[in-house]
Every structure is written in C-alpha cells, then in structure tokens.
Amino acid sequence: MTDLPAKDLSEPDIRPAPSRLRASFARDRKAQVGLVILLAFLLVALLAPLIAPFDPNAMTLDMMSSPSLTHPLGTDDLGRDLLSRIIWGTQISLFVGVSTVALALILGVTLGVVAGYYGGWADMIIMRYIDLQWAFPNFIIAIYLVAVFGTGLLNVIVAIALAFLDDFARVARSMVLTLKEEQFVDAARVQGFSDLRIMFRHILPNALAPIIVQATVSVSYAILGEASLSFLGLGVRPDTPTWGLILADGRSFISQAWWLGVFPGLAIMLVVLAINFVGDALRDALDVRETGP
Amino acid sequence: MGSYILRRLVGSALVMLAVAALVFFMIRLVPGDPVAAMLADAGSEEAREALTRKLGLDQPLVVQFWKWFTGLLQGDLGVSIFGNNQPVSTILLEALPRTMSLAFLSFVIALVIAIPAGILSATRRNTATDATVSLFAFLGLSMPDFWLAILLIIVFAANLQWLPAIGYVPLSEGLWPWLSHLILPSIAIGTGFSAIIARMIRSSMLEVLRADYMRTAASKGLPMRVQMLRHAFPNALIPVVTVIGIAFALLISGAVVVENVFAIKGLGRVLIQGIQNRDYPVVQGAVLVVSAFFVLSNLVVDLLYAVIDPRIRYS
C-alpha cells in the first residue's frame, strides 16, 4: 500500500534484482521495521534454550500471578512462566511457517510448471484438481485434512501445505505459460536439452519473482493457520507450547488474568505483521502485480 | 446473460458434485480405521461389527458412495454417531442460521469500516490520514481473528460488561438480544475482512481518479463530494466485488474459529466438535455445507459482477 516515488517510465529500472531490492528496502521504513522484527524473532527461536528464564512446562505454585520482575509476562493457571512458553513457542511457529511453505512450494510449483509446460492432458488433469481445491476455503481444507490424518506437528505441516498448494501451482503455471513462448526456451530445445532441464533450469529461474512474493505471504498464512489449528485443539501435541495452544489454554482465565489472553496473540500478530511489511516491499521491488488474498 | 447464468449454475453444480465426491473418498482412502478410532480402545468385537454395519463400511466403496450420494440428493446426510443418533441434516440446519447471521453481520461491519476508510485514504493520498488507514489495514490483516475475539471479550464482556461473552440467541427472541450476542464475534471476523476491502477500494479509487471522465467531472465544476461519491466510487467498486468473492473464504474460516471462542453452535463449532468426537458423518456434512456456502457465495458474486458492470456482456 506504500506509494513509492513515481517511477520514471521512460527509463526502465534495469538494475539486477538484488540491487533493486536493496534500494527499495532502503527507502521503505515499514520493510525495515518488518526485517528487524523478523530477525529478532528468529534470534529468539534459535536461542530459546539460552534466553528462556524458566522451563516452559515447569509447573509452580506461583499460579496466575500478574506480570512482575520474576515473571515479566506473568504465569498461567498451572504456574508456568508465560514468557518462557512464548519464547519456546516461537520455534514451533517459525518452523511450521517455513517448512509448510517449503513443502507447498515444492509440490505446487512442480505441478504448476508441469501443467504449464506440457499443456494438454497433464494441464487438464492438474488444473481440474486445482480448481476443485479452489472450491474450498484453504483453512477448511487444512481442518479437514487434520481431521483425516489426525493431529501432531508433521500432520499439521502436511495439512496446511496441501491446503496452500493451489496458490503456488496457479502462480507457477501462469508464469510458465508466458515464458515458454520466449526465444531462450526454443534455443534450449534446439540444443537438445531435456524437458526436465528446460523446465527447472531455464524457465523456473525466470519465474521466481512472483513465487517468492507468494511464498512470503504464505508464511504468514501458514503461521496464522497453525495458530488457529492449535487454538482449536487440532494442532500439535498438547504438551508442546505453541502460541495458539497457549492462547487456548489461557482462554478460560482471561477474566482474571488478562495477560494470558494478550501476550501470546501479540506475538502472533507481530510476526505476521512483520512478514506482511516485508512481503509488501518485496512485491513493490520485484514489481509483482497484486492479486487477491 | 441468460445462458451465462445457466452455464454458471451448471458449473457450480458440477463443482459441488466433485466436492461431495472428494469429501467422501478422502476420509475413506486415507489409511486408518474410522471404526477403531471412533470406539477408541473400548469397543468389543460385536460393537465394532455393529458400528461397521451401521456406517455401511462393510459394503464396497462404490455402493457406499452411491448410497451416500443418493441420500445427499434427498437431504439425508446420515446420522450422528455421537450422542442420540440425531440426523446430521437436523444438526446442520440448526447451525446454519447462526453462521449465516454471523457472516452477514461481519460482512456489514467490514463494509461499514472499509468503505469510508478506503475512500478517505484514496482521496487524501499520501497524507497522515492515508498513512493511518494503511497502518490499521496492516494491523487488521495481521491480527488473528481468535485473538481479537479474546481481546474484545476481555474489554467489553469481562471488564465493561456491556455485552455477553458467549452464546447465541435467535432473532425471533428480539433484535437486541440477537444483535448483542453477535456484535463482538462479528467485529472479530469483520476486522480482517475490512482491511482487505479497504486496501482494494483505495487502489481501485486511485485508478479511477486518473480516468478522463473524472477530469470532465472536475472541469464541469461538480462539488468534490459529488465527484467522489457519484462518479468515482461506483466505478471503483467494480474490481472490489471480485475480491469480496475470494475474501468470503476468510469470512467462513473466521466464523469457524470465532464461533468456538464465543461458544456459538454454528457450522464451525459443529465441525470442530465433530472432529473432536470423531463423528465422521457430522464432519463430512459440515465440510460439505461450508463448501456449498462458499461456492454459492462465489456464484452470487459472479452474477452480481455482471449486473453492476454494464460493460460486461456475457455471450
């Protein structure tokens, strides 16, 4: 939603993508804030064992105590330190966000590239499936898959990844459809390269910009999705502190202990906000047309 | 136009057919034994066989599907396994008005926030107003709806005690009781939705403001208000309508989660409770109805699109 200074249309920006990116991030305050927040959360996730003041699952008699110097974010109904739980929850959230998108990207992009490159029957079958998936809201697919597979970290990752796969397939396919008419593809064909090599070594690298933008946005959807599933009790195991689960656990006590309802959600929002800031800047820098949510 | 509507109707019916088949087969093709899962470890051999027969799982898959599907066409979705054999269709019919009320009110709230916010930020582009709207839009997009729901309960139900924290009262018991139970959940769902629409209205308005007819309107000396509300806004709405269709997914997903926060026994709560009870007929039925709702609302949006934009002619 940022309005960058009007571009000079007579002179297209022909700098390579990395330096265009740097320039765009350098003038975009929101993107900088987003990057800083993301880096901070990444550090928290990596250093969780060192910086968490308490064992996230250690119960004490110090129950439902409000934020204090010992417990900066207070404790829950079982006397567990909220800050330590949120710090450990960062690991799960970021891990689920990134691994889900990695899986969705690999599957979706492969399907999209194959459909776009070969056309015909392959395209027909793949796209009919993608259209069918389009008839369900993504989150409903994730819920249904978890219902079918059962809960647990791996199942949640697979369920959310499958739910998001269609977004990547669509983006990849539409890019391949335009790119495969380019001369460099003909050149590669004339040189006798295999289809596989042309698809993934020649076409795909040129289609990366919109895929990167899609992936960035999807990380935030995946984090929200995992949090929602955990909140509904359909996420990872109940003894793993994840942000959604901490909120669900604290829900019954929010009238006496507001901190249980406020801080875990704040963590989710900050990460998602940071990703959205960065995603917006990426979209501007890589000049990707905005599509629907 | 008539043939376009017909084609879209047939298309949507086909999609629903495929959706029904997918929902049916997915739950059966995945490894695992639903009977064992439903009975946990407690079931005896007889109980297992009885349940298998009751669910019709002893028959070939194609026969099962045919039975299920013909039942479906007659509005029969099977019976709930959990509790007292209530027909799934009864459970869902009871839940549907709650989810519809919630979705409707969320939609209204979203538009009430988004339309002025979008117009304001477009007409005062690059001012403090625009920046503020933009920041709030980002916050709205990033805030998990269930968290907003909890915050609203903390403030308006637990502390101020202005509104009830849980439950649902049907409209037949009065407007205010109905509304008062739905306001908080609708704000929780509608906020994220409004952020998306506000952003769309803004960019769409900016596009329209550059159009020649806007310059004509300005040079005719029309007041700013008339220029914006009569000339710019209706044209800016056209692309927004398509996004509203996509964003219905968010509305439904939001309802599923938020209903569970406010203990409103709508489709979402039925779905989640069904999963927790491993009540597969209920889960199947709820997913089907939610998707039907989604497919139908997209259909309505597409038809609406043709109506509001006279430039679009479908042959």
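Visitor: How far apart are the end C-alpha atoms of α7(B), and what should its 15 residues span?
Guide: The ends sit 20 Å apart, against an expected 21 Å at 1.5 Å a residue, which agrees. That expected span is 1.5 Å times one less than the number of residues in the helix. Bear in mind that this is a predicted model, where local features need pLDDT of at least 70, side-chain atom pairs count only at pLDDT 80 or more, and totals for chains, interfaces and linings use all residues. Residues are numbered from 1 along each chain as its sequence is written, while chains are lettered from A and ligands numbered from 1 in the order in which they are written.

Visitor: Where is the kink in α7(B) centred?
Guide: On I153(B), with a bend of about 35 degrees. The bend at a residue is the angle between axes fitted to the seven residues ending there and the seven starting there.

Visitor: Which residues of α7(B) are buried?
Guide: D145(B), F146(B), W147(B), L148(B), A149(B), I150(B), L152(B) and I153(B). Buried is 20 or more other C-beta atoms within 10 Å of a residue's own, exposed is 12 or fewer, and partly exposed is in between, with C-beta atoms placed from the backbone. I153(B), then, is buried and also the centre of the kink. After the helix comes Q161(B), with a positive phi near 55 degrees.

Visitor: OK, new helix. How many residues of α9(B) are buried?
Guide: Zero of the eight, residues 212-219, so α9 of chain B lies largely in the open. Just after α9(B), G221(B) has a positive phi of about 80 degrees.

Visitor: And V10(B), is that one buried or exposed?
Guide: V10(B) counts as exposed, because it has 10 C-beta neighbours inside 10 Å. You'll find V10(B) in helix α1 of chain B. From V10(B) to M200(B) is 190 residues in sequence and 30 Å in space, C-alpha to C-alpha.

Visitor: Zooming out, how many helices and strands does chain B have?
Guide: Twelve helices and zero strands. Helices (H or I, at least four residues) and strands (E, at least two) are DSSP runs, numbered from the N terminus. Chain A also comes to twelve helices and zero strands.

Visitor: What box do the C-alpha atoms of chain B fill, and what does the C-alpha trace of chain A span?
Guide: For chain B, roughly 85 × 60 × 35 Å along the principal axes. For chain A, about 75 × 45 × 30 Å. Buried residues make up 38% of the 315 residues in chain B and 47% of the 293 in chain A.

Visitor: How many residues does each chain bring to the contact?
Guide: Chain B brings 46 residues and chain A brings 36. Two residues are in contact if their C-beta atoms, placed from the backbone, lie within 7 Å. On chain B's side, the elements giving two or more residues include α1 (2-29), α7 (145-159) and α10 (224-261). The largest share, ten residues, comes from α10(B).

Visitor: What classes of residue are on that side of chain B?
Guide: There are 37 nonpolar, seven polar and two charged residues. Here Ala, Val, Leu, Ile, Met, Phe, Trp, Tyr, Cys and Pro count as nonpolar, Asp, Glu, Lys and Arg as charged, and the others, Gly among them, as polar.

Visitor: Last one: what are the confidence scores?
Guide: Chain B has a mean pLDDT of 83, with 92% of its residues at 70 or more; pLDDT is the predictor's confidence in each residue, from 0 to 100. The model scores ipTM 0.85 and pTM 0.87.
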